[in-house]
Amino acid sequence: MPDIAISADKLTKRFGKFTAVDEISFEIPYGSIFGFLGANGAGKSTTIRMLCGILAPTSGTGKVGGFDVQAQPEQIKTVIGYVSQRFSLYSDLNVIENLTFYGQIYGLYGINLQNRIQEVLSLTGLERFRQRLAGELSGGWKQKLAIANAILHRPKIIFLDEPTAGLDPLSRRGIWELLYQLAEEGVSLFVTTHYMEEAERCNTIAFISDGKLLKIGQPAALRQELHDKILEVTCQPLMKASRLFLKVEGVRGVTVYGTTINLNVTDEKIVEARVIETARKEGITITAIKPIAASLEDVFSDLDSGRRSDA
Amino acid sequence: MRSIWAIAYKEFIQISRDRRTLALLIIMPMMQLMIYGYGINTDVKHLPTYVYDQDRSYLSRRLINAFTQSDYFTVKERVGSLKEAYASLDKGLAQSVLVIPPDFAENIIKKRTTQVQLLIDGTDSTPANVALDASQAIVSAFMQTERLIPIQVLPIDFRPRLWYNPDLKSTYFMLPGLIGLVLQFLVPMITATAIVREKEGGNIEQLLVTPIKPYELILGKIIPYIFIGIFIAISIITTMHLLFVVPIHGSIITLFLLTLVYLVVCLGIGLWASTIADNQQQASQIVMFFAMPSILLSGFIFPTQSMPILVRDISYLIPMTYFLKIVRGIILKGMGFYDLIGQVWPLLLMAFLVILFSIRRFSKRMA
């Protein structure tokens, strides 16, 4: 088995004149979690659909599990698992019936199927809901059922389209623990998400915007790459300060949090002095000011604003 | 092949949990049977009749008797003036009014021609026609029994006889037709909504990334509805035979096999509707859109022979037109497969075309 689970080489999809996915390239090894980030309509779902073999690319190539997305979509379907954003199992079938049905679709029968269902039930903790109708499960358990369903046929590659969207923090953590467990078993996970703190949990992340791949790399590396430094200012009144600080020379961006303001700055030493000076003149009370490490959200907003000013 | 059964099995579970559809499947055919069996009676009997007898003679009473004894007319009231007689028709109290002139008996005895008038409410053509035909027969029989005309040897001894349904019972005609009507309505409806439900519920999205092929999905989805269609047909035929005592003259096996062919056409229509509709409501609207003209144009109520040529051509495009001839032919006339070949091949052709067309359309929409 090759080390690369999923690869894309200048993968492109055009719908008429509209380019949904524009020459994106990446490689994902087995046993890793690949976070695919981007705004709604950035091209995430189109990319997933091409890689799953249900949408033919306009140009470029993609390989999933060693099969070509253009020429061998049917083979791809046998080696991947898929968890859609919207719950798409049968609400009027119970947990066991859903798993039995999909197991049979993937060619599992009899005792093999029963054993495998038992395995995925204990892995996901769904055992106590065996007879529960899928439609009556809570959001988090529904998603776990969808994952249980996706791994029935022991795929080495799983696509998850926003698996934690709309879930409470506890359920989200539960889902991620499950994903880590799968990754440890050598499964390659392709995950799209909106949550930045989830992106931190991925081995590799890629940003996509307007169909173009903006950035790809490890979360820590991406944070370090960020040219700007972040200055965290605790001050009062907050909104007035945020407006004024934006005009200070050397401040490239301002983000307001609960009681603090994060300033994207070029040079923290010089700007810090200027900010304190401005605050003193305008009657803003600064209780603390310190440089902090950039978060992925900062990286993301920087990339996004960079793109907008380019355009 | 095993995928097909997996889908059929899960479909059966889903149907068994869907109480509303189950109720529809059982109640609707039975309700239709009761309505057409008990409620709608197109046999015209006992027309309410008012009599204005100005003669009040022995002969006039005999004539009135002849009318009532025929069972076609029931004397509701005797009136004393033409005005009252007309009013009874206007108000809809009477369907017909028999007017006997004052010199009725006298004229007959003196061997002069006399007049008797029957006014018929022609608003509804069916009872009006019956009243017209029956009254003529009653009067000519009256003339013979009263020896008003000499008994003669007629050059033609004309003896019409009614075959297959000698008592002209409308249930004999309507109830076998009901098999066609109910199947054509219910089967496409449940098939289309079942397929569209997968689309609505997002299930198709999950199925798309599995190795299942479109034709496997379609066949698996259809199989349970073939059984349901057979169940509906059997329940209608049994009730019709046992409760309404409609005799079945032909072969049950031929009936079963040809009903299967018709069922495939109905499934195909449902399948096709599902490829157009985006939700269950649209699907049932499309099915209704095609079911309504079929009821009127297929010969279910009105005979196709009396339709204008253009309309009759349209009726040839309706699967139910052929199936009605088949069920009525087998049940009432005892016709065999070869007698019905003219009806069978258009149905087979339709079944083949509609299934082929829908599967191709479905596969395209899935991709």
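Two strands count as paired here when at least two bridges are found between them. With that in hand, the pairings in this predicted model can be followed one strand at a time.

A good place to start is strand 3 of chain A, which covers residues 33–37. On one flank, 4 bridges join strand 3 to strand 9 of chain A (residues 204–209), and the two run parallel. One partnership in that pairing links Phe34(A) with Thr204(A) of strand 9. Strand 3 also pairs with strand 8 of chain A (residues 188–193), again in the parallel sense, this time over 5 bridges. There, Gly35(A) sits opposite Val191(A). Is strand 3 mostly covered or mostly open? It turns out to be mostly covered, with 5 of its 5 residues buried. Ile33(A), Gly35(A) and Leu37(A) point one way, while Phe34(A) and Phe36(A) point the other, and all of them are buried. That back-and-forth fits a general pattern: in a regular strand the side chains alternate between the two faces of the sheet.

Chain A has another arrangement worth a look, an open sheet of 4 strands in the order 2-1-4-5, with antiparallel pairing. Its edges are strand 2 (18–29) and strand 5 (67–68), each of which pairs on one side only. Within the sheet, strand 1 (residues 4–15) and strand 4 (residues 59–64) run antiparallel and are joined by 5 bridges. Ile6(A) is found opposite Val64(A) of strand 4.

Stepping back to the whole of chain A, there are 11 helices and 14 strands. The C-alpha trace spans about 80 × 45 × 35 Å along its principal axes. Of the chain's 311 residues, 42% count as buried. Among contacts in chain A with a separation of 6 or more, 68% come from residues 24 or more positions apart.

What about the nonpolar interior? The largest nonpolar core has 143 residues, and Ile158(A), Leu189(A) and Leu183(B) have the most contacts inside it. Helix 7 of chain B (residues 170–200) supplies the largest share of this core, 17 residues. Beyond its neighbours within four places in sequence, Ile158(A) is in contact with a set of residues including Ile80(A), Val83(A), Leu182(A) and Leu189(A). Apart from this core lies another one of 18 residues, with Tyr50(B), Tyr72(B), Ala94(B) and Ala105(B) among them.

Over in chain B, helix 6 (residues 125–145) has 21 residues and reaches 30 Å from its first C-alpha to its last, close to the 30 Å expected. Its buried residues are Ala131(B), Ala134(B) and Ser135(B). They cover an arc of only 115 degrees around the axis, which means that they lie on the same side of helix 6. The other side has exposed residues, including Thr126(B), Asp133(B), Gln136(B) and Gln144(B). The cover over the buried residues includes strand 1 (47–53), strand 3 (96–100) and strand 4 (117–120) of chain B. After helix 6 comes Arg147(B), with a positive phi near 55 degrees.

Finally, the two chains touch: 22 residues of chain A are in contact with 17 residues of chain B. On the chain A side, the elements giving two or more residues are helix 2 (73–79), strand 6 (80–83) and helix 3 (95–105). Helix 3 gives the most, with 4 residues. By class, this side of chain A has 12 nonpolar, 5 polar and 5 charged residues.

How values were computed. Residues are numbered from 1 along each chain as its sequence is written. Chains are lettered from A and ligands numbered from 1 in the order in which they are written. This is a predicted model: local features need pLDDT of at least 70, side-chain atom pairs count only at pLDDT 80 or more; totals for chains, interfaces and linings use all residues. Two residues are in contact if their C-beta atoms, placed from the backbone, lie within 7 Å. Ala, Val, Leu, Ile, Met, Phe, Trp, Tyr, Cys and Pro count as nonpolar, Asp, Glu, Lys and Arg as charged, and the others, Gly among them, as polar. A nonpolar core is a set of buried Ala, Val, Leu, Ile, Met, Phe, Trp, Tyr and Cys residues joined through C-beta atoms within 7 Å. A residue is buried if 20 or more other C-beta atoms lie within 10 Å of its own, exposed if 12 or fewer, and partly exposed in between; C-beta atoms are placed from the backbone. The expected span of a helix is 1.5 Å times one less than its number of residues. The arc is that of the directions from the helix axis to the C-beta atoms.
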